[in-house]
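Work through these exercises with the structure open beside you. Try each task before reading its solution.

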Amino acid sequence: MSVYGKTHPFVSYLYLIAPVSLVMLNPIGFILMEVGKRKGQNASKLQLLLSTITSIATNPVVLMTALGIVGNFIFHHQIPAALSTILNAFGSAFTATALFLLGLRMVGNVRNFRGEALLVPAILIAVKELVLPLVIREISSLILHSAKINSTESTTMSTYGFLYGTFPSAPSVFVYATSYALDVDLIASAMVACTFISAPLMFISAKMVSVSNLSPEDFIPSLERFEFDLSIVGVFACVILLVVFTIKRSIWSLPQKITMCIVVSQLFGCMGVLLGNLNVSYIEYVEFYFVKL
């Protein structure tokens, strides 16, 4: 909403994508998980098919989403106030409970993910946060181009797809993994790391989208505000790294010396940008000096 505004059609697409994903895409994953769960059982293909369909049809996520769509038509797109209050409470409780379960599962398991154990989560996060947005953007561009959509709308929609691809995985993924006992610790660590990594990517992507929609006279001021915000975050990050290096006393090794020089250089650059926003005479010379250090 902060990028497109509350009245933009793209905002309503978020509410449209969720039920489509739950009803049409998630059952594909449920089918694969059900088949994997029953793999090795002495059952005929018909029994396996019937049990899989029954499990998917009675899955609370699929069942409640389908009932919600049906209820939307029954109530003529206007849910009664009493029912809406109850459903909102349940919806808020699900997200909070799922995140609590995710954090609870992470206790004592972080130390186990070192070395080769980090390979699979790193690949999953890289595919989710780096590859998926690009794939969504390119596929959207190809589909819109084949549909004879003009270039302006095609670029806007494909950029929206890129921004949507940077969103972190929903907490329901961890609930699914827990229900089917599929590498729960791995999924938990990957989701936590994915959430932290996706935050700066979403922020940068949102800024890029908002800047592309600005008028020419507002372009430079917006970039300056963006640079100021990043500099604040950069100063805090550099200070934290310097404190960690000092406490661990690993600053004297050669790799740490190189890293320390890079961190100090970045710190001076961020400080120069922050000082440049002060309304003081000759401050631009100080900014130039710090940035060029």
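## Exercises on a predicted model

**Exercise 1. Find what share of the protein is buried.**
Solution. Buried residues make up 24% of the 293 residues in the protein. The cut-off for buried is under 20% relative accessible area. Now turn to the surface. The protein exposes about 20,000 Å². Carbon and sulfur atoms supply 71% of that area.

**Exercise 2. Decide how far to trust the model.**
Solution. Start with its origin: this is a predicted model. Next, take the average. The mean pLDDT of the protein is 76. A score of at least 70 is reached by 83% of the residues. Then look for the extremes. Confidence is highest in α5, at 84. It is lowest in helix α11, residues 283–291, at a mean of 60.

**Exercise 3. List the secondary structure elements.**
Solution. Count the helices: there are 11. Count the strands: there are zero. Read from the N terminus, the order is α-α-α-α-α-α-α-α-α-α-α.

**Exercise 4. Compare a record with the model.**
Solution. Begin with the record. An unreviewed UniProt entry lists "transmembrane region" for several stretches, including residues 48–75 and 81–104. Check the chain over residues 48–75: it is 89% helix and 0% strand. The end C-alpha atoms there are 37 Å apart. Repeat for residues 81–104. This stretch is 100% helix and 0% strand. Its end C-alpha atoms lie 34 Å apart.

**Exercise 5. Classify V131 as buried, partly exposed or exposed, and place it on the surface.**
Solution. First, locate the residue. V131 lies in helix α5, residues 119–146. Second, take its relative accessibility, which is 40%. Buried means under 20%, and exposed means over 50%. V131 has 40%, so it counts as partly exposed. Third, look at its surroundings. V131 belongs to a nonpolar surface patch of about 860 Å². Other members of the patch include L119, L130 and V135.

**Exercise 6. Do the same for T166, then find its contacts.**
Solution. T166 sits in the loop between α6 (151–165) and α7 (172–180). Its relative accessible area is 2%. That is under 20%, so T166 is buried. Now set aside its neighbours within four places in sequence. T166 is then in contact with K128, E129, P133, S198, M202 and S205.

**Exercise 7. What share of the contacts with a separation of 6 or more joins residues 24 or more positions apart?**
Solution. Take the contacts in the protein with a separation of 6 or more. Residues 24 or more positions apart account for 66% of them.

Conventions
Residues are numbered from 1 along each chain as its sequence is written. This is a predicted model: local features need pLDDT of at least 70, side-chain atom pairs count only at pLDDT 80 or more; totals for chains, interfaces and linings use all residues. Side-chain values use heavy atoms; hydrogens and water are left out. UniProt positions are given in the numbering used here, feature names are shortened, and annotations may be inferred rather than shown by experiment. Helices (H or I, at least four residues) and strands (E, at least two) are DSSP runs, numbered from the N terminus. Patches are made of residues with over 30% relative accessible area and no salt bridge: like charges are joined within 9 Å, nonpolar side chains (Val, Leu, Ile, Met, Phe, Trp, Tyr) within 5 Å. Accessible areas come from the Shrake-Rupley method with a 1.4 Å probe; for residues, only the protein chains shown count as cover. A salt bridge is a side-chain nitrogen of Lys or Arg within 4 Å of a carboxyl oxygen of Asp or Glu. Buried means under 20% relative accessible area, exposed over 50%, partly exposed in between (1.4 Å probe, protein chains only). pLDDT is the predictor's confidence in each residue, from 0 to 100. Contact means heavy atoms within 4.5 Å.
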